[in-house]
Amino acid sequence: MKNIRTFRKMKQEKEKIVMVTAYDYPSGKYVQTGDVDMILVGDSLGMVVLGYEDTLQVTLEDIIYHTKAVRRGAPDTFIAADMPFMSYHLSLEETKENAALLIVEGGANAVKLEGGKPSRLEAISAIVDCEIPVIAHLGLTPQSINSLGGYVIQGKKQVDHQRILEQARQVEEAGAFMLVLEGIPEKLGKEISEILTIPTIGIGAGRFTDGQVLVYHDILGMSDIQPKFVKRYSNLKDEIVKSIKKYSTDIKNKKFPEEKHIYKPIAK
Ligand code: KIV
């Protein structure tokens, strides 16, 4: 299994790091078999698996439950689990306890949390102090959609560019071993990746981050919307609907089950 030292070495040797999200036993199994470097049990599960409009309703229990399933499917892959909205905002005690639950109960190797303001830097340091590796997440942070005013690309203005750059330096200083950069201009993603010694993983952050992450359902064409930064490698949604319709038609037309699908009694 790769680990935080492997990821740092990969950055130094300019080997791209591949991260994919997974949410259950089969996706964990397929992602591990597909040779990714690390898995993220993202709170995007709220949208792509649980049918919520955003990630805000995802609970710690949801992430633990799904991380356990992913771990069963991907026993040999480094797994990071997302800390859900409000699980690291209230007190450092609660933050540490919640991070520990993701490791001890969920079976994750690391946790990820969003944001770079001073209270988040304290949260990162407190969790790292418990020997739990932390991934920071800056730029378009989906847990902040209400305060950002929607899923808006961040860091386009010079002042925001500078703020995110400064926060990137600070999350590294606070002890994060990796940084996810989401929804920012390529120029900013490149600049941050060059300045930091920890690896950066981009999603809609251009070509120059040290690695890339995409949501499992987006890669496989199982989501309804396709943002600009997504590259689809399959169209499983159409395949699934086509297969289910065919199954249904076969039953209605008495074409399934066939002779080969039935059991027969033992002849005396
Ligand atoms: O929740 C998630 O899947 C994420 C990635 C998109 C980075 O945070």
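**Exercise 1. Find the parallel neighbours of strand 1, and name the partners of Met19 in strand 2 and strand 8**.

Step 1. Strand 1 pairs with strand 2 (residues 38–41) in the parallel sense, over three bridges. Here a strand is a DSSP run of E with at least two residues, a helix is a run of H or I with at least four residues, and both are numbered from the N terminus. Two strands pair if DSSP finds at least two bridges between them.

Step 2. Look at Met19: its bridge partner in strand 2 is Met38.

Step 3. Strand 1 also pairs with strand 8 (residues 211–214), again in the parallel sense, over four bridges. In strand 8, Met19 has Val213 as its bridge partner.

A note before you go on: this is a predicted model, in which local features need pLDDT of at least 70 and side-chain atom pairs count only at pLDDT 80 or more, while totals for chains, interfaces and linings use all residues. Residues are numbered from 1 along each chain as its sequence is written, and side-chain values use heavy atoms, with hydrogens and water left out.

**Exercise 2. Work out which handedness the unit of strand 1, helix 2 and strand 2 has**.

Step 1. Find helix 2 at residues 25–33.

Step 2. Point the strands away from you and follow the path from the first strand over the helix to the second; if the path runs clockwise, the crossover is right-handed.

Step 3. Strand 1, helix 2 and strand 2 make a right-handed β-α-β unit.

**Exercise 3. Explain why strand 1 is largely enclosed by the rest of the structure**.

Step 1. Learn the cut-offs: buried means under 20% relative accessible area, exposed over 50%, and partly exposed in between (1.4 Å probe, protein chains only).

Step 2. Four of the five residues of strand 1 (residues 17–21) are buried, so this strand is largely enclosed by the rest of the structure.

Step 3. For the whole protein, buried residues make up 47% of the 268 residues.

**Exercise 4. Decide whether Leu90 is buried or exposed**.

Step 1. Locate Leu90 in the loop between strand 3 (78–82) and helix 5 (92–104).

Step 2. The relative accessible area of Leu90 is 58%, so Leu90 is exposed.

Step 3. Now find Ser119, 29 residues from Leu90 along the chain; their C-alpha atoms are separated by 9.7 Å.

**Exercise 5. Say which strand, strand 7, joins strand 8 and in what sense**.

Step 1. Strand 7 (residues 200–203) and strand 8 run parallel, joined by two bridges.

Step 2. Ile201 has Gly211 as its bridge partner in strand 8.
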